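User: Please take a close look at one strand and its partner, and then lead me from there through the other parts of the model, explaining each term as it comes up.

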Amino acid sequence: MIENLFIHLRQELALTLLIFLLLFIKLGKDRSNESIMNLINFGLLLNLGLGFCCHEAGDLFNGMFTTNTLIVFEKDLLNLGILIISMQSYAWLKNHKQVIEFYLLLLTSLLGMFFMISSGNLLMFYLGLEMSTIPLAAAANFDLTKRKSSEAAMKLILSSAFSSSILLLGISFLYGSSGTLTFSILSAHINGNPLQLFAFILFFSGFAFKISAVPFHLWTADVYEGSPVAVTSFLSVISKGAVLFTLVNLLYKVFTPIANTWYLLLVILAAATILIGNLFALRQDNFKRFLAFSSIAQVGFILVGISASSQAGAASLLYFILIYIFSNLAAFGVVSTVSALTGKENISDFKGFYKTNPILSWVLTIALFSLAGVPPTAGFFGKLFLMMAGAAKGNYGIIIFAALNMVISFYYYLRIVKAMFMDENESPIQQLAIPAISKLAMFICVAGIIVTGIASVVYDYIYSISIGL
Amino acid sequence: MNLTLLILIPLLTALLILLAKGLQQIRTIGLTGALAQLGLAGWTLKLYLDQKAAGNKATYLFESNQSWFKALHINYHIGIDGIALAMILLTSVIVVAGILVSWTMDKLSKEYFFLLVLLSMGAYGFFISLDLFTLFFFLEVAVIPKFLLIGIWGSGDKTKSAMKLALMLMAGSALVMVGLFGVYYNTNTFDIVQISQQGIPVGVQKFFFPFAFLGFGVFAALFPFHTWVPDGHASAPTAASMFLAGISMKLGGYGCLRIAALMPEAAHAYSWIIILLATIAIIYGAFATMMQTDLKYINAYSSISHCGFVILGIGMLNKTSMNGAVIQMVSHGLMTALFFAAIGMIYSRTHTRMVAQLGGLLKAMPFISTVFVIAGLCSLGLPGFSGFVAEMTVFMGSWQNPEAAYRLATILSGASIVVTAVYILRATGRAIMGPISEEHALLGDASWNEKLAAILLITGILIIGLAPFLINHLIMPSTDVIMLQIEKITALK
Amino acid sequence: MQEIPLTQILFVSTALFFIGMYGLFTRRNLITLLMSIELMLNSVNINFVAFNKYLFPDNLDGLFFTLFIITIAAAEAAVAIAIIINLYRSHNSIDVDDATEMKY
Amino acid sequence: MSNYFYILWIPLLPLATFVILGLFGRKYLSSIAGLLGTTSLLTATILSFVAAKQYFFIDGKVNGIYQKIIALKYTWLEFSPNVSIDLGIVVDPISVMMLVVVTSVSLMVHVFSLGYMKGEERFATYYAFLSLFTFSMLGLILSANIFQVYMFWELVGVSSFLLISYYFNKPSAVAASKKAFIVTRFADLGFLIGILILGFYGGTLDIGLLIERFTSVHSTQFLSITSASFLGASMLTWGLTLIFMGGAGKSAMFPLHIWLPDAMEGPTPVSALIHAATMVVAGVYLVARMFPVFSMDESALAIVTYVGAASALFAAIIACTQTDIKRVLAYSTMSQIGYMMFALGISKNGGENGLGYMASMFHLFTHAFFKSLLFLGAGSVIHMVHSNEMKDMGGLRKLMPITHIAFLIACLAIAGIPPFAGFFSKEEILTAAFHENKIIYGIALFTAALTSFYMFRLYFSIFWSKEATISSPAHDGHESHGEGPWVMKLPLLILAACAVCVGFVPFSQLVTSDGAALETHIDLVFSIAPVILSVLAILLAASFYKNQNGKSAKVTNAFGSFYTAAYKKFYVDEIYIFITKKIVFPFIGQPIAWFDRNVVDGFMLLLAKTTAKVAELIKGLQSGKVQNYAMYFFGGLVALSILFIYIWK
């Protein structure tokens, strides 16, 4: 029993240790930010490594906490994401007074996600969800002096509290109709009576809120714009990824009996999300706000993928998230470096960027191409496999719709490339000195973007571990 | 013979260009790579012909089939038949010429040559792949470089045209994607060979053929999806225009050909639409050209008209017309590339492309003018040049279709050769002949690299024009194979 | 004395939920909004307890869930209030309509 | 049949010259270009005379019939197993006859140009183009495959284009060349479609096979093509008419003749070669080549006849009014070709009724010599006077005696005065016309009179009328006095000799529709009428123009508007210009161009704009008020619940 605890719970334990270590450091005499961040990055790296040993599935606490290869892999993805983010925010945090607090919030939220992903029980799930959300609200407010930051935090905490109360209502009805909170038992009691359908929709709306699917997405743009770039990238990649993983596990494992219902639900939401996301992204100038809407559109494509409810669907989701981590974080990396060093966050500021910072421009370009889904970047494969999975159901309407929307998305991604390469600007952003570690992060991202696509082993591995309906 | 080399050489060249320093090194590397590729293509041709002569009856030679995404039955399956080989030769010739023409490109030269090579890599990959997924992959690889090439190095309203081009081509490939999914989920494979063996249910064909065909049609400037052509070509830098008209539009034609071969019933059912659109494109393009005043616009619109012949040839669905379509692709590629090269040379000297502002260039720059005239004569289908062979083959083929409407289409398309003569001679008469303005009288003639490029392309044109039996000998067996499948169907009807 | 039927309790909780929601939609003061959300959470608590007591009395899932909800609500409130204070520092107001800089 | 293989060299020699001069001419060889061209062509000429001798007098005849011999055949472009373009060499009476004509006239022109084009900047280019033309023309006449004819047809057209626009910085020359190419191209479209029709029904493009299949009434091909009909006419009629359309274009038959007068912008020797002797008769040659098929279809032949006759008359009338000497010659050419055409049209295939065919070929043969002589003469006149206008000339007979004599001979020949060449051929034509069709005969007779009138109008106003005013200006390094160097006189003399004596060639023995010899005799009684007529016409011309007197003016006024109409070439050019400039460009071209930019492209832009518009419209969704967000959340929730619980239950 106990050794299982240490095996199955190893990543969570390591993370907790790291958090406590940080607390102790805080109590002790203050250290230089560099050393602290290096320590944290090392810890995260270690934690990432932990993911690769001893894979056997199992559960703890009477099935409250379950784990298997898939779940470990998902945790590893999130871990990788955090690592990259923390490397990128180096330039921002270098001279910041409250580094440790920042990391405390981030890591706690990550811990919450870990628990949420491997939850085997609605209670555990709820705990994980809140644990991952509340710290983020605080983190969103991390630029204490900025007006926007506090506004963003307020919007986040209020709307997430609202959504979680709705979610809870849904859970309570589920409980009421089934009498259990454990997934494995719950799935047996799901029979699609109106109450359960209602409960499911309430429950699902909670997820839709977190992954910012239309019409539950409205908080996204404001929060992304207001909060510090590091938090924004965390929200856009990590928390979305975590919630999506959980969603897929729940849909495929628990809500199997009402698959037809949620298939339809997913398709509708997907269509709306893609369209709205694209239309709003068209007219944004603030880079973070732009990425917010583009990420909404991306979620729409993801929903198309997971609506397949097949092994390929699950695999394509996992694969896409992996690529999305690389692509989106590469983009955010450039943006965070620029905003940390110059405070500029608008697309129009990037005019003539290529003249002064060719390397950064190429990184951003590759990232945007990957987001747009242009070969040979990995994004092409990611998006294509999502669509392929979606097409398997034979519902080509949504595929055509998505395909045409891809063209719109091309427009706004290429618009930025155009700004960087083609537009003239008398006062472009001056040449930037990028910290070595951020460079490393960008390199990792670019390498990931290029390799994960062409090298099919990645996808094949993901496919082998992922589970369909 | 490992065809992957055809992708690896450009890849290697691109990487070396990234490492190189200074225009001198970069262009040398680029040229070397291109020449190596040309040599390789020639060598492939030799091996191919040897194999055929040795009685190898296989449809596709030098096949190699590795699994790429095992889980999704996506294979990296490559191999070539005569048609693909012809396209590869065309591409390699144009790449060499293009690099020669942009010999003195000093603005961001590294990126420029890198993108050129990348574009060519996409084309090679496209032509060798026998797996629809790989095909699609390389098709899109070839798109984005165009956007950057036009947007950064272009002229005029470049960003707008670049954006238009990229978006329309992407819309095209989105349509293609839908079509390919349809094929995939009804045959469980992307493999062209397998699909053509096991066939596709007719209903499926009827539904998905339009997507795939029109998608590729956008690339081939099929009416009414051609509007990216004029702006794109006009704004692009010389080499990019050459690549655009010489290579990328051929991607579309080739794709249409393959799709028609894969979905014969649908192709047969929809052939009247295809022919209608093609005929419109031919006539419409020709008349629109007649009204243009900018040399590049003239050539761009005439490309619409000429590519219409490709689609017409495919739509008529018989051996001769198919042959004609393929020859027209090669011929048009060489010819337009030559035309754009000449226009580029003129523009780089006179800094204007307006026909009205030019005149009597034959006096100042005899070589360039001669090249221009040769390109013009080829495009109005003069015997001895490739254009004649191609168009006549298409006509012959189309005429074999005894329905009155199809005959009418053929005659109308035939009428375009008169209009072609009109606009070519108008342009030539104004720009090349007539009195020369004094500031143009002192301009110099072509430099060695430009001469080399032009001569290379002209040689290609003449080889096809004077000895068409050579290319016929290369492509006919392959078109016969394609037609066998289609005729099986049409026989049933 | 006879006991109150489940439906009536559910009615109360539902009413409570929507009262909270109404408050959330209409009030302007951030603190009040927070209170309205607490109302909604509490209605959920009532649901859990009621279901547990009336339908599944033999195990205590619902009750435990309620406990956790209360705890987390407290945490949430704490963070929220901190944020609201910070908002007040920058905006000199806790009116929700004053914090609408970011839009469109 | 390889004993004729050497004929291959006849076209190849000029081709080689073209390639050499084209590649290295302007840099290295511009001094010896003329010599090179002339020598190679001399060789070709000798070869073709050898061929003619061998064919006509040694082994061409097999039991009294001249055989059609395929000396060479090579599949050039295969469309489908039995339909293919073959490059071949056919040896039969007309091809051999044309060989002789083309090579010898071309040789004369080459020689003449040595003097005429001396000191030109693009001397080598000129000879290159000349050789290119000669090559294409020879290729055309040797064709055994109708598509081969079409190919060389196009090549001839383009080399004529290049030669007309030789003075490329003269806008009028450029315009003329454009006109010539486009008009003939338009005609060639008809030719092409005709080929497609015949090729489709005949199942081959080989002329021999086509003739064989379409002349046997019971062959499946013949039945299919005659049974198939379109707009009331059988496919055979359509095919032949369209092919004739091509011929009419090249041979400047009405109404496709407008390019010929303008084509005189080219150097005069070029006009002599291309627009008098060789290229313009290609149409006649084409009809003669396909004649057996034509003879199967009455209506097609009728079209040939009437178009030919109309052109003959029409051109003759115009020629009487023109003042530019080259234009006069151009219209006379057109009129003479009209003769040949209707002569073919009224002919039958074979036997006695084949007279028209023979006559036409005979006239083609003689005409080539005296017409090129006329042009070269005009050339040397222009070379001296530096003007094409009659009014700048006069009394030149003293200054240039040789030219004068040669020109006179040529005029007599074309006027059909015995014993000059023109007499014999014209007599045959008239005889044939008399037997076949009286109306045509009348027209022919009248035209003959007109011909002699305008030719002598030309002759007198050049060499007589007023006394010589030209003080022979010394110009760019040419001999200032007289008629230029001997290289310019020699051709005149040779051609004059030919113009006298080619009429005595026993043509009817050699070239006939069926290859068998044809007994003809000059019926003196019959010949009286035309000869008298032409003599009268000549006297009339003499009285008007021999020395300046007001008569001509009076007559002009007498004719009044008719004269001006004729002088304005009956406004045909204007009609064409109206159609192109006022109809095609503004009502077809511009609308399409506009449509493309504004409608098709506009639609794409509209899509983009609409998207942006919609995005702008719905931005209110993102109001920035967190409460609204919550409301939308709730609204979405309600909507979904209703959808899934009540509607899709």
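Analyst: **A covered strand and its surroundings**

Strand β2 of chain B, residues 74-80, is mostly covered, with six of its seven residues buried; a residue is called buried if 20 or more other C-beta atoms, placed from the backbone, lie within 10 Å of its own, exposed if 12 or fewer do, and partly exposed in between. Strands here are DSSP runs of E with at least two residues and helices are runs of H or I with at least four, both numbered from the N terminus. The model is a predicted one, in which local features need pLDDT of at least 70 and side-chain atom pairs count only at pLDDT 80 or more, while totals for chains, interfaces and linings use all residues. Residues are numbered from 1 along each chain as its sequence is written, and chains are lettered from A and ligands numbered from 1 in the order in which they are written.

The partner of β2(B) is strand β1 of chain B, residues 61-69, which runs antiparallel to it and is joined to it by six bridges; two strands count as paired if DSSP finds at least two bridges between them. Within this pair, B:Asn65 has B:His77 of β2(B) as its bridge partner. The two strands form a hairpin with four residues between them, and in the turn B:His73 has a positive phi of about 55 degrees.

A helix of chain A offers another example of an enclosed element. Helix α17(A), residues 358-372, has 15 residues and reaches 20 Å from its first C-alpha to its last, close to the expected 21 Å, a span taken as 1.5 Å times one less than the number of residues. Twelve of the 15 residues of α17(A) are buried, so the helix is largely enclosed by the rest of the structure; among them are A:Val363, A:Ile366 and A:Ala367. After α17(A) comes A:Gly373, with a positive phi near 85 degrees.

These three buried residues also appear beside A:Ala330, which, leaving aside neighbours within four places in sequence, is in contact with A:Val363, A:Ile366, A:Ala367, A:Met442, A:Cys445, A:Val446 and A:Ile449; contact requires C-beta atoms, placed from the backbone, to lie within 7 Å. A:Ala330 is also one of the residues with the most contacts inside the largest nonpolar core, which has 682 residues. Such a core is a set of buried Ala, Val, Leu, Ile, Met, Phe, Trp, Tyr and Cys residues joined through C-beta atoms within 7 Å. Helix α15(A), residues 311-342, gives the largest share of this core, 21 residues.

Chain B also meets chain D, in a contact that takes 38 residues from chain B and 35 residues from chain D. On the side of chain B, the largest share, nine residues, comes from α18(B). That side has 26 nonpolar, ten polar and two charged residues, where Ala, Val, Leu, Ile, Met, Phe, Trp, Tyr, Cys and Pro count as nonpolar, Asp, Glu, Lys and Arg as charged, and the others, Gly among them, as polar. Chain D touches chain C as well, with nine residues of chain C in contact with ten of chain D.

Chain D itself has 27 helices and six strands, and 57% of its 649 residues count as buried. Its average pLDDT, the predictor's confidence in each residue from 0 to 100, is 85, and 97% of the residues score at least 70. Over residues 471-480 of chain D, however, the pLDDT is below 50. The model as a whole scores ipTM 0.90 and pTM 0.91.

How values were computed
Contact = placed C-beta atoms within 7 Å.
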